[in-house]
Amino acid sequence: MTVRLPVLVLVHQSTSNPGRVGEVLKLLGFTLDVRCPAVGQPLPATLEGHSAVVVFGGPMSANDDHLDFIRQELDWIAIALASDKPYLGICLGAQLLARSLGAAVVSHPAGQREIGYYPIVPTSAGRELLNGPLMVYQWHQEGFTLPAGSHLLATGSRFPHQAFRYGRRAYGLQFHPEITATMVNHWTTEGADQLSCPGAQPRAYHISQHRLYGSAVERWLHQFLAGWIGVTANAEMVWGQYHPLHVSTPAQGLPKAYDWPSTTTEIG
């Protein structure tokens, strides 16, 4: 039996959990080393003892330089990338990756947010990530410019940079594939004040859309994580092949990327 090193998981609140991402990684045979730098838990000096790293979201911003742990993570990402181990940044984790690579992280130019389910579509380079459009869960008010040398893999109508790859094994996802029904309920309860922000969807819509689209995202997540970390997902695990959802937003109808240099607001 192959002994696999644990996956380092960075969360940003003591109450956070890796949700569906953690569940899938465990199904793929990995244990999780969960750490919260925000409460003083240390980052490893190297990734020699880990198979990969996943950096999740949180209610803080990648621009919060007054927070010691944000500055620490921004500096530490260079160590993670130099290790050539798989890196996955989700929402704040993607924004931290983007900023560490020299990109800018800012609010939407019109003050809009994405809080709820929204469609993303693959770019021409993004067929490695998505076979077609996918409805995904979002909770953020900031986005990021595309880092130099990276490849845009998925885009959206409100925030154009939804997924990118840097190098061979580092990915940033603006959306939240880890979300579960329990997490949707928790986030929309604890973060109810955010649901009245421009662009946010009402709580009932979050719940109904998760029932419609959650399973498709979960099937995609199984396949993506298996390829990202370099193992094989069996048929029972992925519950059949992923078939892209048919959504009404065509790729050609999406605006070009803004020239703008995200505070993330998810409950985590």
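Strands β3 and β4 run parallel and are joined by 3 bridges, where strands count as paired if DSSP finds at least two bridges between them. Helices (H or I, at least four residues) and strands (E, at least two) are DSSP runs, numbered from the N terminus. This is a predicted model, so to speak of local features a pLDDT of at least 70 is needed, side-chain atom pairs count only at pLDDT 80 or more, and totals for chains, interfaces and linings use all residues. Residues are numbered from 1 along each chain as its sequence is written, and side-chain values rest on heavy atoms, with hydrogens and water left out.

Back to β3 and its neighbours. Valine 55 has glycine 89 of β4 as its bridge partner. With β1, the pairing is again parallel, this time over 4 bridges, and valine 7 is matched with alanine 52 of β3. In a regular strand the side chains alternate between the two faces of the sheet. In β3, Ala52 and Val54 point one way while Val53 and Val55 point the other, and all are buried, meaning under 20% relative accessible area (exposed is over 50%, partly exposed in between; 1.4 Å probe, protein chains only).

Zooming out, these strands belong to an open sheet of 9 strands with mixed pairing, in the order β2-β1-β3-β4-β11-β10-β9-β6-β7. The edges are taken by β2 (32-35) and β7 (134-140); each has a single partner strand, so one side of each is left without a neighbour in the sheet. From one strand to the next, the twist averages 25 degrees, with axes being lines fitted to C-alpha atoms (for helices, over the stretch in contact) and angles running from 0 to 180 degrees between N-to-C directions. Over at the β7 edge, β6 (residues 114-122) pairs with β7 in the antiparallel sense over 7 bridges, and proline 119 has methionine 135 of β7 as its bridge partner. Helix α3 packs on the sheet, touching β3, β4, β10 (163-166) and β11 (170-173), and its direction makes about 115 degrees with that of β4; contact here means heavy atoms within 4.5 Å.

Now for helix α2 (residues 68-82). Its 15 residues reach 22 Å from first C-alpha to last, close to the 21 Å expected, the expected span being 1.5 Å times one less than the number of residues. There is a bend of about 25 degrees at aspartate 75, taken as the angle between axes fitted to the seven residues ending there and the seven starting there. Phe69, Ile70, Glu73, Leu74, Trp76, Ile77 and Ala80 are buried in α2. The buried residues of α2 pack against β1 (7-10), β3 (52-55), β4 (87-90) and α3 (92-100). Just after α2, aspartate 84 takes a positive phi of about 60 degrees.

Finally, the aromatics. Rings of Phe, Tyr and Trp (its six-membered ring) pair if their centres lie within 6.5 Å, with planes under 30 degrees apart counted as stacked, over 60 as edge-to-face and the rest as tilted. By this rule there are 8 aromatic pairs. Tyrosine 117 and tyrosine 213 have ring centres 6.2 Å apart and planes at 45 degrees, so the pair is tilted. Tyrosine 117 sits in β6 and tyrosine 213 in helix α5 (residues 203-229), so the pair ties together parts 96 residues apart in sequence. Tryptophan 139 and tryptophan 187 make an edge-to-face pair, 5.9 Å centre to centre with 90 degrees between the planes. Both tryptophans, 139 and 187, are buried. Ring pairs link Tyr117, Tyr137, Trp139, Trp187 and Tyr213 into a cluster.
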